[in-house]
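Visitor: Please show me the model, and then I will ask how its descriptions are justified.

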Amino acid sequence: MRENRDTQGEKKHPSYEKNHQGMKYMRNISQIRVWDIATLVIIILSGILAFFLRIIPVFIGDTTNILSMVGMDDPMYNLRQIEQMIHNYPAYSWFEAMSYYPGGAPIHWGPLFTFIGATWCIIWGAVERPDLITTALYIAPLMAVVMVPLMYVLVHRISDRLTGIIAAVLTAIVPGQYLYRSYYGYLDHHIAEVLFSTIYCLCFIICLIYVRMHPVSLKSKESLKMPVLLGIAAGIAYTLGLAVMPTMILFAMITALFTFFWFIYDKIEKKNADSVLVVICSTFGTAIVGYLVIGVHQEGLLLNYYTISHLLVYGLIIITTLLLFGLSRLLKDKSILWYILSFLLFIGLGLVAFCIAAPDMYQLFANSLGEFFGTNIYYSTIQEARPWTLGAAWNAFSWSLILMMGGLVYLAYRIIKKQQIEDFFIFIWALIIIYAAFQHIRYEYYFAVPLVIMVSLLIGFLASQVKQEILSPDWRRMHKTKGVDDKKSKHIPENQEKKRGISLVLFLLVLALTLLFVSDTITNVTHIGVLELNPEWQESLVWMEKNTPDTGVDYLKNYSSDAWTPPVTSYGVMSWWDYGHMITFIAKRLPHANPFQQGVAGPTGAAAFFTATTEDAANEIADMLNTRYIMTDIEMDTGKFWAMATWDDSSSGITPYMQEFLFPDPEGSRAMISMIYKQPYYETMVSRLHNFDGSLVVPENVTFVEYITPEVTGYPYPLITNALSLPYLSAEAMVEQYRDTAPGGYGAVLISDLFYKPAGLVPALRHYRLVHESPSRVTPAGHPDIRYVKTFEYVPGAVIPGDGIIELTLVTDTGRTFYYRQESEGSQFVVPYPTDTKTGDVTALGQYRNLNTGETYSVTEAQVQGKERISS
């Protein structure tokens, strides 16, 4: 044995080696502690960064009007739910009496996010509305902060410390819907969906890692304990996600798909499938118990509601796993190809049997899957349900998309190289979320987590490669001897030098793309600013709460669907679905339609009401729904009109009301495409209310055009061949004459390019009166004065005998003067305004006057309400 000697060759004392090893151990401990402290500091700083990026509005917004900093749709309703739970703590209302009037709305959101919000506000003593809003708006940013250490732990588990640190930093700044939906002002459960689904995936991954390292044997009770406990933990995490939203079932689908490949993986690795059976059954057995705690709250089988279908799905996953486990035992001596084909055949036959045995249930499940991944024409009218495009993806995530693709490639390499089953779960998770996000943009907030994982794995891998190459003995020896004795470094292979160079170049390239991504992200975040509630709607709804009759519905009470009967004093507010939650929360009134798309479609839906071209059709809907107030805005009148037309009739859509024409370019050979309004648009209720205040409009001059249809020209749009500006009556006669004599494929029509300039006569509305309008004007000077939001009241109307045209001059509180005109029908007028009193914020300036006879009429509010008659 060699004796311990120092560099001079002297013999060392035996205690020297022990002391040396002790000092080395202490240095290692110190290094570990430094790394731990550094890691903790980076995670804390990343959390602080995540928090402050999201609360920028607190420093630049108008905190004295905190409501103005709240998003207009789902955030409003989350505030409403938190406010309601605070007053009924901890009870959650599964039925909403204050929306989808008169029937009320079943709630398909879970109670957990509301419970967290209500508890948070109670802890801080924020139970009154301004304090409640201010306090509750911090919940989403704080959940984003929790995501930072969570992502560190997840990525550290599947890789190493450095990669986990990279994931923590990226999680703090990752943009897109994930950032937007965790921003101060956007109080929504979506960030909670991301948080709890990630917790579930982490728990499931930990379970996979454990059973990979400690395989389960059904013959050994000892081997079952920890996998069962970890499976139960994953099931509890899944249940928490499910208590936020039923869309958590997406992760059950991901797990179910993964399970199929897990069986195949075990076959390839020549392992028994005991681990699969134990983990899946314990996870979804726990999920079943958890779902029973949450409860079944709606009938039917829709997966996006808390229906019995969830229990069926989780039970089906367990049953399928048991059957596949049995099949794997039967086929343990067969080839892998035989194994896979048998599995596919078994699953296919199972689906066929399900379809034959329970066709209705099968169809409902198929429809539910369509809700998750499918699309239809109505989804194009819902921003978060539209398909995600590559352009939109790039705008949101820019260079990180390239890094993500690189990360997916690296993960695929890891799956082949290391054959770790948890990597395959992450790979399937990422692919399903990518697909779901491109089907419906609402799932983009889920997309951020796989993106961070992939980018972190790629950067971490390349960094470790560069570090390994630089710290390798060959690399250090080469650089130490370079210039001293080049011969000593010749033994280093040339291909190893190339490998080092490629690793370094790739790392620098990825680092450059990462820096570009970070730069773009920080720039985009600082440009978000403050989420501003539309001030015109806020003003109008505050007015409505103060100036309209109480509905008799207790805003804070938890009603049940079984016991719900609208009070006799209740009434509905008709508006487009975008504004339903604002009407509930700000005005404390009962909208017919809401952002759940309830009350939108069908013969009595908001779409049918606003696109109705006769007052009688609109009145029939209003009577059936007990509508009293109607709210319109310039967006419904113009930009959102196509959505209303689509919901009313998906086959014809906007075509009956607007159409694109080709106009010859007088200065060139190319034709210009222009969208024009046709007369049916001006006859819709939304146009007659918002553009003309329900008054008779007889245009002076209109545009008469002759055109050739696409069937004749071969062009995609009708081609205008002649256009004239003519008096209305003359132009109308010319249209009739042209239609009688024109050959096939040629036509004539009256058109307009302005939404407030009709192409024909627009009759007056006899039962609708303006009671309020918001202060801002949307049309330029010299054009008709149209305000942003208008509120109308539906009334019986006073009957005045007579013939001709009647007129009344009115003025609003904004100072706008307008004229209500109506042409008699059946020798009478039915008028909505009294002359003896103010109606809302609108005042009559004098009496009604018959423009034909000069007679004047006084009308009382009692007569308008049908309580008194006007004498002849």
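Guide: The questions below cover the whole chain, one helix pair and one covered helix.

Guide: This is a predicted model, in which local features need pLDDT of at least 70, side-chain atom pairs count only at pLDDT 80 or more, and totals for chains, interfaces and linings use all residues. Residues are numbered from 1 along each chain as its sequence is written, and side-chain values use heavy atoms, leaving out hydrogens and water.

Visitor: How many helices and strands does the protein chain have?

Guide: The protein chain has 32 helices and 18 strands, taken as DSSP runs numbered from the N terminus (helices H or I, at least four residues; strands E, at least two).

Visitor: What makes helix α27 mostly covered?

Guide: Six of the eight residues of α27 (641-648) are buried, where buried means under 20% relative accessible area with a 1.4 Å probe, protein chains only. F641, A643, M644, A645, T646 and W647 are the buried ones. Their cover includes α24 (606-611), α26 (634-637), β5 (658-664), α28 (679-682) and α29 (685-690).

Visitor: Which residues make the contact of α17 and α18?

Guide: M404, L408, L411, A412, R414 and I415 of α17 meet D423, F424, I426, F427, A430 and I434 of α18; contact means heavy atoms within 4.5 Å.

Visitor: Why are two residues of that contact counted as charged?

Guide: Asp, Glu, Lys and Arg count as charged, Ala, Val, Leu, Ile, Met, Phe, Trp, Tyr, Cys and Pro as nonpolar, and the others, Gly among them, as polar. The contact therefore divides into 10 nonpolar, no polar and two charged residues.

Note on methods: Buried means under 20% relative accessible area, exposed over 50%, partly exposed in between (1.4 Å probe, protein chains only).
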